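Reader: Please take one part of this model, the open sheet, and go through it closely. I would like the strand order, the pairing, the burial and the side-chain contacts around it, with every cut-off stated.

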Amino acid sequence: MIQEISFDTIRQYGNIELLAKQMVEGFITGLHKSPYHGFSVEFAEHNLYNPGESTRHIDWKVYARTDKLFTKRYEEETNLRAMIILDRSPSMYYPDKTYDKMAFSTLAAASLGYMLQKQRDAVGLCTFSDDIEEITPVKSTKTHIHQIFVKLQQMLEKPPTQKGTHIAKVLHQVAETIHKRSLVIIFSDMMGQMGNRDEMFAALQHLKHNNHEVLLFHVADHTTELQLEFPERPMVFVDVETGQKEKLRPSQIREKYKNTIQELYHDLNVKCGQYKIDYVEVDSKKDIDQVILPYLIKRTRMR
């Protein structure tokens, strides 16, 4: 498993598609060795055989390995529609050069998209900053998922110019335009909505009101963006979305800053709990499997 995710890591492996596929196979192998054996088989495009069904589609090779009966699934079968929504505002390209938050988000999005496509689920991609920048159709073909990989790769290679973030407006638009009862997967640092949380909460509630299942990955560099742990010397802090600069020592604002951030995280956690939204706090410095695997296992228990 890849221990550190950054733009340099992805360049080292060639591209997101290759790395995502490698990581997914690692996830599946790891789950196969875990107590959740059936999960890895399902991701190999099989369903558990139910007594009384036709034996025509039983995979006897899987039976020989697992001593369990599974039937093969086919390309035309689609379980759900998923839309991956990815924030590509300037704050997501922090820190400069390594782009840890965006590298983590694009690779996690690619991995989830690939796993969904392996299940014959349909996947789409929506990217945004101050507005929707691009939204793809929702399809389950291999050609389509490859095109999504290409778009995710381009997002890493071409950072945006200075823009703001308006996630609430985007979520309202998505709630109205995508297929009813879709799975909506959001990757964002939520930084652009700190001053108007009610609007953001209303947008999340709109998604749930339209019967979408929502999964929010709240991405941040926890050491610097949550704890404000920087060397204790005069530093210039720059708001990458507005260009505003402030020169000061971290200790001058650390306590007030941490209180503000903790309040945002607390409010998001509470609201997501009320709306029955899966809320996942993501430290972009963590191994990606530490974030994705617990979610996959949770979904396994729900199936």
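Author: What follows describes the sheet first and then the side-chain pairs around it.

This is a predicted model, in which local features need pLDDT of at least 70 and side-chain atom pairs count only at pLDDT 80 or more, while totals for chains, interfaces and linings use all residues. Residues are numbered from 1 along each chain as its sequence is written, and side-chain values use heavy atoms, with hydrogens and water left out.

The sheet is open and has 6 strands in the order E5-E4-E3-E6-E7-E10, with mixed pairing. Strands (E, at least two residues) and helices (H or I, at least four) are DSSP runs numbered from the N terminus, and two strands pair if DSSP finds at least two bridges between them. Strand E5 (132-135) and strand E10 (278-283) are the edges, each pairing on one side only. From one strand to the next the twist averages 15 degrees; the axes are lines fitted to C-alpha atoms, for helices over the stretch in contact, and angles run from 0 to 180 degrees between N-to-C directions.

Strand E3 (residues 81-87) runs parallel to E4 and is joined to it by 7 bridges. Within that pairing, Ile84 has Leu125 of E4 as its bridge partner. Strand E4 (residues 122-128) is mostly covered, with 7 of its 7 residues buried; buried means under 20% relative accessible area, exposed over 50% and partly exposed in between (1.4 Å probe, protein chains only). Ala122, Gly124, Cys126 and Phe128 point one way from E4, whereas Val123, Leu125 and Thr127 point the other way, and all are buried.

E6 and E7 also run parallel, with 6 bridges between them. The bridge partner of Phe187 in E7 is Phe217. Ala220, also placed in strand E7, is buried at a relative accessible area of 1%. Its C-alpha atom is 9.6 Å from that of Ser91, a residue 129 positions away along the chain.

Next come the aromatic contacts. Rings of Phe, Tyr and Trp (its six-membered ring) pair if their centres lie within 6.5 Å; planes under 30 degrees apart count as stacked, over 60 as edge-to-face and the rest as tilted. This rule gives 4 aromatic pairs. One of them joins Tyr114 and Phe149, with ring centres 6.4 Å apart and planes at 50 degrees, so the pair is tilted. Tyr114 belongs to helix H5 (residues 100-118) and Phe149 to helix H6 (residues 142-157), 35 residues apart. Tyr114 and Phe149 are buried. For Phe187 and Phe217 the centres are 4.7 Å apart and the planes at 10 degrees, so the pair is stacked. Phe187 sits in strand E6 (residues 183-188) and Phe217 in strand E7 (residues 213-220), 30 residues apart. Both are buried.

The last topic is charge. A salt bridge is a side-chain nitrogen of Lys or Arg within 4 Å of a carboxyl oxygen of Asp or Glu, and the whole structure holds 9 salt bridges. One of these involves an edge strand: Arg88 pairs with Glu133, the closest N and O atoms being 2.9 Å apart. Arg88 is in the loop between E3 and H5 and Glu133 in strand E5, 45 residues apart. Arg88 counts as buried at 11% relative accessibility, while Glu133 counts as partly exposed at 30%.
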